[in-house]
Structure formats: structure tokens, C-alpha cells
Amino acid sequence: MAGTTSNISIRMDADLKAQADALFAELGMNLSTAFHIFVRQSLREGRIPFYISLNQPDKETEYIK
């Protein structure tokens with residue numbers, strides 16, 4: 001990293017954090033690295049890099065992977 005760094009404190013549910021830690025560990029990174037990637041991608045795209053909606057999919061509209 002160039003220049004100075006800054007700390008960020010994020011509060012989240014302990015179970016949610018544990019799930020995220022497990023996922024990111026499988027991907028070879030920690031939560032801090034994953035957040036860093038999220039911020040960099042957001043800056044590249046000038047937006048949150050995924051679709052956010054209040055609509056909940058039902059069986060007919062659910063995205064199939």
C-alpha cells in the first residue's frame with residue numbers, strides 16, 4: 001500500500017462474521033482483504049459492485065446459478 005493506512009471498525013453479528021471468515025478463508029483471504037477488494041471494486045465502478053434490492057425473489061423470479 002502506498003502512503004499511510006487507516007483503521008476501520010465494523011460491528012456485525014458474531015455468527016455472520018464467522019460465516020464470512022470461513023468463506024473468505026476458503027478463498028485464501030481474510031475479512032480485511034475481502035473488504036479492501038470490495039472498496040477498490042466500488043471505486044473502479046463508481047457504485048456498489050452488485051445489485052441491491054428490497055424485492056425478495058420467489059420461485060418464479062429467483063435467479064438460478
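These questions and answers walk through helix α2 and the aromatic rings of a predicted model.

Colleague: What distance separates the end C-alpha atoms of helix α2?

Modeller: Helix α2 covers residues 31-45, which is 15 residues. At 1.5 Å a residue, the expected span is 21 Å. The model agrees, with the end C-alpha atoms apart by 21 Å.

Colleague: Which residue has a side-chain oxygen that reaches the backbone nitrogen of S32?

Modeller: Look at the start of α2. The oxygen comes to within 3.2 Å of that nitrogen. It belongs to N30.

Colleague: Which residue just after α2 takes a positive phi?

Modeller: The phi is about 70°. The residue is G46.

Colleague: How are the planes of F35 and F38 arranged: stacked, edge-to-face or tilted?

Modeller: A search of the whole structure finds two aromatic pairs. F35 and F38 form one, at 6.2 Å centre to centre. They are three residues apart in α2, so about one helical turn separates them. Stacked needs under 30 degrees and edge-to-face over 60; at 35° this pair is tilted.

Colleague: Is F38 buried, partly exposed or exposed?

Modeller: Buried means under 20% relative accessible area, and exposed means over 50%. F38 has 29%, so the residue counts as partly exposed.

Colleague: How many residues apart in sequence are the parts tied together by F38 and F50?

Modeller: F38 and F50 form a tilted pair, 6.0 Å centre to centre with 40° between the planes. F38 lies in helix α2, and F50 in the segment after α2. The pair therefore ties together parts whose separation in sequence is 12 residues.

Colleague: Which residues form the aromatic cluster?

Modeller: F38 pairs with F35. F38 also pairs with F50. One cluster is formed by F35, F38 and F50.

Conventions. Residues are numbered from 1 along each chain as its sequence is written. This is a predicted model: local features need pLDDT of at least 70, side-chain atom pairs count only at pLDDT 80 or more; totals for chains, interfaces and linings use all residues. Side-chain values use heavy atoms; hydrogens and water are left out. Helices (H or I, at least four residues) and strands (E, at least two) are DSSP runs, numbered from the N terminus. The expected span of a helix is 1.5 Å times one less than its number of residues. A polar contact is a pair of N or O atoms within 3.5 Å; within protein, one must be able to donate a hydrogen and the other to accept it, and residues adjacent in sequence count only if both atoms are side-chain atoms. Rings of Phe, Tyr and Trp (its six-membered ring) pair if their centres lie within 6.5 Å; planes under 30 degrees apart count as stacked, over 60 as edge-to-face and the rest as tilted. Buried means under 20% relative accessible area, exposed over 50%, partly exposed in between (1.4 Å probe, protein chains only).
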